[in-house]
Amino acid sequence: MPIKILSVDDENDLELLLTQYFRRKIRKGEYDFHFAHNGLEALTMLLKEKDFDIILSDINMPEMDGLTLLTKINEMQNPALKCIMVSAYGDMGNIRQAMNNGAFDFATKPIDLDDLSLTIEKAIEQIHYIKEMQKEHNELTGIKGDLAVAREIQQAILPRIFPPFPEETTSMDIAAEMNAAKDVGGDFYDFFRIDKDRIGFTIADVSGKGVPAAIFMAVARTLIRATGIRGVSPAECITYSNSLLSQESVNYMFVTVFYGIYNIRTGEVTYTNAGHNPPYLIKANGTVEELPLSKDIVAGAIDDYQYTEKTLQLEKGDTLLLYTDGVTEAVDAEVNDYSEDRLKKLLDHSSKLSCQEVVDKVKADVKDFVGEAEQSDDITLLALKRL
């Protein structure tokens, strides 16, 4: 596209001078000159055609002078539109005022066309740079809008209605929450009914952050839910999911997963821990125990791996708290970790709290610990209690 230049001057001979001097660039389609004879006429043209790149304006003109025109151009708030002001050499006061009011450069009469040509080329460099920045800004704005939608979609696929099983409110309690460090995250939680006696529940943390982690998260959640809802054992569910994730993994992405099946009637939990943080068991008497560290590897890393499973008995009043390492590895302004010890100490004497109160208590304590430091990782919590 040619550079579109509007020359504004009440002297008609300037039009002939410019078209003659720049005739080669005009013929090549590099420059496209337009002419106005006062500020008012120029302003009318600018309002009709908003694609001008350079304004070459005299300062002293009838009807509307160049300084007033410059003020009107500034009101258009187009940083890619550059104004080169022209006046007599002795009119330095007005030239200085024009420069202070945002003019790109100036030329003095009689105009040195060689010097003006260099000034125009310098302005064109600035215009190209600004337009490229505007393009990148628009692209980033579009990406940010897409990410906002992606965040809403990601949150929508996670269970958000509590209590999720209204018919079981006298026998169990459950609550969960995920807070992404970026627009979208790699953590997820899920729970679903398998049959009238069993509930499947899971928490997971995908390696990495941002969009790649969010996509991998959606795939992993869908696989685990679709497999688990068939009623297979936790070990079989994670073994099958791992096999598919390993085949589709890109850039060596993996996911740590804790998947359990809770029997509402007996309180028994059968679970598989694929490299995830060991959950905490808050006993009805107020004591806190950490589940044994898993020897099973993360999911999505090695195909044909056979996962194992364990069982846990929840007594009435016991609460199981699952979390991702965004909790224990949250850092304060001095880069100190929140730590497992602090979390365990916080959970002491929390047996009387509801699941939502336990989740809120941990969130609030992590927030107080971090202070003004930026959230470094996704934070996800899931609490399950036998009533």
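Guide: A residue is called buried when its relative accessible area is under 20%, exposed when that area is over 50%, and partly exposed in between. The model discussed here is predicted.

Visitor: Why is Ser 241 called buried?

Guide: Ser 241 has a relative accessibility of 2%. The limit is under 20%, and therefore the residue counts as buried. Ser 241 belongs to helix α8. Leaving aside neighbours within four places in sequence, its contacts are Leu 223, Ile 224 and Thr 227.

Visitor: Which residues make the contact between α7 and α8?

Guide: First, the geometry: α7 and helix α8 (residues 234-248) pack with their axes 9 Å apart, at an angle of about 145 degrees. The crossing of α7 past α8 is right-handed. From α7, the contact involves Phe 216, Val 219, Ala 220, Leu 223, Ile 224, Thr 227 and Gly 228. From α8, the contributors are Cys 237, Ile 238, Tyr 240, Ser 241, Leu 244 and Leu 245. The buried residues of α7 include Phe 216, Ala 220, Leu 223, Ile 224, Thr 227 and Gly 228.

Visitor: How do you know what span helix α7 should have, and what is the distance between its end C-alpha atoms?

Guide: Helix α7 covers residues 210-228, which makes 19 residues. The expected span is 1.5 Å times one less than the number of residues, which for this helix gives 27 Å. The C-alpha atoms at its ends lie 26 Å apart, in agreement with that expectation.

Visitor: What makes strand β1 count as largely enclosed?

Guide: In strand β1 (residues 3-8), 6 of the 6 residues are buried, so the strand is largely enclosed by the rest of the structure. Both of its faces are covered, with Ile 3, Ile 5 and Ser 7 buried on one side and Lys 4, Leu 6 and Val 8 buried on the other.

Visitor: Which residue stands opposite Ser 7, and which opposite Ile 5?

Guide: Ser 7 stands opposite Phe 35 in β2, and Ile 5 faces Ile 54 in β3. Pairing requires at least two bridges. β1 and strand β2 (residues 31-36) have 6 bridges and run parallel. β1 and strand β3 (residues 54-58) have 4 and are likewise parallel. Both values satisfy the requirement, and therefore β1 pairs with each of these strands.

Visitor: Why do β6 and β12 stand at the edges of their sheet?

Guide: That sheet is open, has 5 strands in the order β6-β15-β14-β11-β12, and pairs in the antiparallel sense. β6 (172-179) and β12 (288-290) each have a single partner strand, so one side of each lacks a neighbour in the sheet. From one strand to the next, the twist averages 15 degrees.

Visitor: How do you know that β14 and β15 are paired, and how many bridges join them?

Guide: At least two bridges are needed, and 5 join β14 (residues 319-323) to β15 (residues 379-386), so the antiparallel strands pair. Within this pairing, Tyr 323 is opposite Leu 381 in β15.

Visitor: Which helices pack on the sheet?

Guide: Helix α10 (residues 340-347) touches β11 (280-282), β12 and β14, and its direction makes about 15 degrees with that of β11. Helix α11 (residues 355-370) touches β6, β11, β14 and β15, and its direction makes about 30 degrees with that of β6.

Visitor: What makes the contact of Glu 177 and Lys 363 a salt bridge?

Guide: The N to O distance between their side chains is 2.7 Å. The cut-off is 4 Å, and therefore the pair qualifies. Glu 177 in strand β6 and Lys 363 in helix α11 are 186 residues apart. Glu 177, at 22%, is partly exposed, as is Lys 363, at 26%.

Visitor: What does the pair of Asp 365 and Arg 342 tie together?

Guide: The closest N and O atoms of these two residues are 3.0 Å apart, in a salt bridge. Asp 365 is in helix α11 and Arg 342 in helix α10, so parts 23 residues apart in sequence are tied together. With 15% relative accessibility, Asp 365 is buried, whereas Arg 342, at 32%, is partly exposed.

Visitor: Why does Glu 168 count as buried?

Guide: Its relative accessibility is 5%, under the limit of 20%, and therefore Glu 168 is buried. Glu 168 forms a salt bridge with Arg 193, with the closest N and O atoms 3.2 Å apart. Arg 193 is partly exposed at 25%. Both residues belong to a salt-bridge network with Glu 167, Lys 196, Asp 197 and Arg 265. The structure holds 19 salt bridges.

Technical notes: Residues are numbered from 1 along each chain as its sequence is written. This is a predicted model: local features need pLDDT of at least 70, side-chain atom pairs count only at pLDDT 80 or more; totals for chains, interfaces and linings use all residues. Side-chain values use heavy atoms; hydrogens and water are left out. Helices (H or I, at least four residues) and strands (E, at least two) are DSSP runs, numbered from the N terminus. Buried means under 20% relative accessible area, exposed over 50%, partly exposed in between (1.4 Å probe, protein chains only). Axes are lines fitted to C-alpha atoms, for helices over the stretch in contact, and angles run from 0 to 180 degrees between N-to-C directions. Contact means heavy atoms within 4.5 Å. A crossing is left-handed if the near helix is turned anticlockwise from the far one by less than a right angle, and right-handed if clockwise.
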